[in-house]
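Below is a short report on one structure, written for someone meeting it here. It goes through the helices, the sheet and the cysteines in turn.

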Amino acid sequence: MPLNNEQKKRFKSIGHHLKPVLIVAENGLTEGVQAELDRALNDHELIKVQFRVTERDDRRALMEALCEAGNCELVQAIGKMALVYRRNPKANKQLSNVSRYEA
């Protein structure tokens, strides 16, 4: 389900203060990266991912592949950072970044 502009705006304000939970390097989306992505999205719902890839086009392709592999939505991409979201219906209130930063 695509996010609307109001949701994206709210998630961007939450994501601004987050540190990257996952780092994707030149090796791309390995099994370990995908497993960690799934775990992080289940726990936190909204995470920041850092891409250590120099080429802009390669980085963009990796971001799209990551969203497809993780079944998540790209909220924002700035430079080498991406903010991604996947709703968890059974989210832990202490771990979920969305629940912790709700007003």
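Helix 3 is followed by Asn71, whose phi is positive, near 50°. The model is a predicted one. Helix 3 itself covers residues 56-70, and its 15 residues should span 21 Å at 1.5 Å a residue; the end C-alpha atoms are 21 Å apart, which agrees.

Six names make up the buried part of helix 3: Arg59, Leu62, Met63, Leu66, Cys67 and Gly70. Viewed down the helix axis, the buried residues of helix 3 fall within an arc of 135°, so they line one face of the helix. An α-helix has 3.6 residues a turn, so residues three or four places apart point the same way. Asp57, Glu64 and Glu68, on the other side of helix 3, are exposed. The cover over the buried residues of helix 3 includes strand 1, helix 2, strand 2, strand 3 and strand 4.

Helix 2 can be described in the same terms. With 14 residues, helix 2 reaches 20 Å from its first C-alpha to its last, close to the 20 Å expected at 1.5 Å a residue. Its buried residues are Val33, Leu37, Ala40, Leu41 and His44. These cover an arc of only 95° around the axis, which puts them on the same side of helix 2. Strand 1, strand 2, helix 3, strand 4 and helix 4 (97-100) are included in what covers them. Just after helix 2, Glu45 has a positive phi of about 65°.

The table lists the residues with a positive phi.

| Residue | Place | Phi |
|---|---|---|
| Glu45 | just after helix 2 | about 65° |
| Asn71 | following helix 3 | near 50° |
| Gly79 | hairpin of strand 3 and strand 4 | near 60° |

Next comes the sheet. Four strands form an open sheet in the order 1-2-4-3, with mixed pairing. Strand 1 (20-24) and strand 3 (73-78) are the edge strands, each pairing on one side only. From one strand to the next, the twist averages 25°. Helix 2 (residues 31-44) packs on the sheet and touches strand 1, strand 2 (46-51) and strand 4; the direction of helix 2 makes about 160° with that of strand 1.

What are the partners of strand 4? Strand 3 and strand 4 (residues 81-85) pair in the antiparallel sense over five bridges, and strand 2 and strand 4 also pair in the antiparallel sense over five bridges. Leu83 in strand 4 is the bridge partner of Lys48, and Gln76 stands opposite Leu83 as well. Ala77 stands opposite Ala82 in strand 4. Strand 4 is mostly covered, as four of its five residues are buried. The hairpin of strand 3 and strand 4 has two residues between the strands.

The last topic is the cysteines. How many disulfides does the structure hold? The number is zero. A disulfide is a covalent bond between the sulfur atoms of two cysteines. Cys67 is in no disulfide, and its nearest cysteine sulfur, that of Cys72, is 4.2 Å away. Seen from Cys72, the closest cysteine sulfur is in Cys67 at 4.2 Å, too far for a bond, given a cut-off of 2.5 Å.

Are these two cysteines buried or exposed? Cys67 counts as buried because its relative accessibility is 11%. Cys72, with a relative accessible area of 11%, is buried. The cut-off for buried is under 20%.

Methods. Residues are numbered from 1 along each chain as its sequence is written. This is a predicted model: local features need pLDDT of at least 70, side-chain atom pairs count only at pLDDT 80 or more; totals for chains, interfaces and linings use all residues. Side-chain values use heavy atoms; hydrogens and water are left out. Two strands pair if DSSP finds at least two bridges between them. Axes are lines fitted to C-alpha atoms, for helices over the stretch in contact, and angles run from 0 to 180 degrees between N-to-C directions. Contact means heavy atoms within 4.5 Å. The expected span of a helix is 1.5 Å times one less than its number of residues. Buried means under 20% relative accessible area, exposed over 50%, partly exposed in between (1.4 Å probe, protein chains only). The arc is that of the directions from the helix axis to the C-beta atoms.
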